[in-house]
Amino acid sequence: MEIDLIDFDHFTPGLSLAGGLMIGGAAAGLILFNGRIAGISGILGGLLKMPRKDTAWRAAFLIGLLAAPLIAAWSGVAVVLDVKAGWGEILAAGFIVGLGTRYAGGCTSGHGVCGLARGSLRSLVATLTFMVTGFLTVFVRLHVIGA
């Protein structure tokens, strides 16, 4: 059995570094200038609780997330979506992720980016749980189920 550790056809360290710097910069800017944590589930959840005084920055943040791939494509960077799942799987996965963010009190961006940077033990436990669950899910799907 051959195990590939790195998919060199899709290995993009430069783009990954740039993306990480942009995410870190956005998270740092949001906390420095707005005093808020850049947790996507919390930002979206807060936007859905109307009426609120802070709707504008929440909407702007989410619009920026959605606009980023469009801007990248417009500027000539190839944006390739290759999802090997049906709508049922995508909806089930989204529901499970939503449950996880409720139980963890935040999402991977809130805990993994902002919480770890603040030295939060709760965020460390949550991030380790997210990561281990993801690793196990991929392992079971690829090597046990064989999908």
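**Ser109 and the helical core**

A polar atom of the Ser109 side chain lies 3.0 Å from the backbone nitrogen of Ile40. The model is predicted. Its mean pLDDT is 86, and 97% of residues reach 70 or more. The largest nonpolar core has nine residues. The structure holds zero disulfides.

**Ser109**

- Ser109 sits in helix α5, residues 108-117.
- Its relative accessible area is 17%, under the 20% cut-off, so Ser109 counts as buried.
- The Ser109 side chain also has a polar atom 3.4 Å from the backbone oxygen of Ala38.
- Leaving out residues up to four places away in sequence, Ser109 touches Ala38, Gly39, Ile40 and Cys114.

**Nonpolar core**

- The members of the largest nonpolar core are Ala27, Leu30, Ala38, Ile43, Leu47, Trp57, Phe61, Leu62 and Cys114.
- Three helices each supply at least two of these residues: α1 (13-34), α2 (40-48) and α3 (55-74).
- The most comes from α3, which gives three residues.
- In soluble globular proteins, nonpolar side chains tend to be buried together.
- Leu62, a core member, is in contact with Ile40, Ile43, Leu44 and Leu47, setting aside neighbours within four places in sequence.
- Ile40 thus appears in the contact lists of both Leu62 and Ser109.

**Cysteines**

- With zero disulfides in the structure, Cys107 is in none, and its nearest cysteine sulfur, that of Cys114, is 8.6 Å away.
- Cys114 is likewise in no disulfide; the nearest cysteine sulfur belongs to Cys107, at 8.6 Å.
- A disulfide needs sulfur atoms within 2.5 Å, so a distance of 8.6 Å rules out this pair.
- Cys107 is buried, with a relative accessible area of 9%.
- Cys114 is buried too, with a relative accessible area of 9%.
- Cys114 links two topics here: it belongs to the nonpolar core and touches Ser109.

**Helix α4**

- Helix α4 covers residues 87-104, which is 18 residues.
- At 1.5 Å a residue, α4 should span 26 Å; its end C-alpha atoms are 25 Å apart, so the two values agree.
- Gly105 follows α4 and has a positive phi, near 70 degrees.

**Confidence**

- Confidence is highest in helix α6 (residues 121-145), at 90.
- Confidence is lowest in α2, at a mean of 86.
- Where pLDDT is low, the predicted coordinates should not be read in detail.

Methods: Residues are numbered from 1 along each chain as its sequence is written. This is a predicted model: local features need pLDDT of at least 70, side-chain atom pairs count only at pLDDT 80 or more; totals for chains, interfaces and linings use all residues. Side-chain values use heavy atoms; hydrogens and water are left out. A nonpolar core is a set of buried Ala, Val, Leu, Ile, Met, Phe, Trp, Tyr and Cys residues joined through side-chain atoms within 4.5 Å. Buried means under 20% relative accessible area, exposed over 50%, partly exposed in between (1.4 Å probe, protein chains only). Helices (H or I, at least four residues) and strands (E, at least two) are DSSP runs, numbered from the N terminus. Contact means heavy atoms within 4.5 Å. pLDDT is the predictor's confidence in each residue, from 0 to 100. A polar contact is a pair of N or O atoms within 3.5 Å; within protein, one must be able to donate a hydrogen and the other to accept it, and residues adjacent in sequence count only if both atoms are side-chain atoms. The expected span of a helix is 1.5 Å times one less than its number of residues.
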